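Student: I would like to learn how to read salt bridges in a model, going from the general idea to the particular case. Could we work through one together?

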Amino acid sequence: VLGVWRPHGFGPLALMFEELADVFARVPRAGDRLWLLPVYYAGGTARGARTAADLAAALRARGRAAELADDYAALEAAVRREAREGDTVLVMGARDPGLTAFCRRLTAGPGSPRRT
């Protein structure tokens, strides 16, 4: 599994930080990969107390690899480089229309992962 997650909002990330770190550290199997995008900020009053970089550091402290992707272009290049026949690309997040556009680009053209 090649996992992609874009945290939705600084407040939810801070509120659920430890639980998210525990789940992302416990669930993946050996060989699975995880990329984290920057927090999707949709406005509001949250101060950004926790970031995707903080979550990646928490996962590394728990013995799990997590990579940061600065933007969708870097993420697309990384997923295309790593994806092999039989892999599942799992994209998770909320409210960011960029996620849908990313998935469409990723599954378009020759040599792209299949849509399911």
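**Reading the salt bridges**

Tutor: Let us begin with one residue: Glu18 is partly exposed, with a relative accessible area of 41%, where partly exposed lies between buried (under 20%) and exposed (over 50%), computed with a 1.4 Å probe on protein chains only. This is a predicted model, in which local features need pLDDT of at least 70 and side-chain atom pairs count only at pLDDT 80 or more, while totals for chains, interfaces and linings use all residues. Residues are numbered from 1 along each chain as its sequence is written, and side-chain values use heavy atoms, with hydrogens and water left out.

Student: What is a salt bridge, and how many salt bridges does the structure hold?

Tutor: Side chains of opposite charge can pair when their charged atoms come close. The term requires a side-chain nitrogen of Lys or Arg within 4 Å of a carboxyl oxygen of Asp or Glu, and the structure holds 8 salt bridges.

Student: Which residues are linked with Glu18 in a network of salt bridges?

Tutor: The network links Glu18 with Asp22 and Arg62. Glu18 and Arg62 meet at 2.8 Å, N to O, whereas the closest N and O atoms of Arg62 and Asp22 are 3.2 Å apart. Arg62, in the loop between α3 and β3, and Asp22, in helix α2, are 40 residues apart; helices (H or I, at least four residues) and strands (E, at least two) are DSSP runs, numbered from the N terminus. Arg62 is partly exposed at 33%, as is Asp22 at 37%.

Student: Are Asp96 and Arg6 buried or exposed?

Tutor: Both Asp96 and Arg6 are buried, and their salt bridge has its closest N and O atoms 2.6 Å apart.
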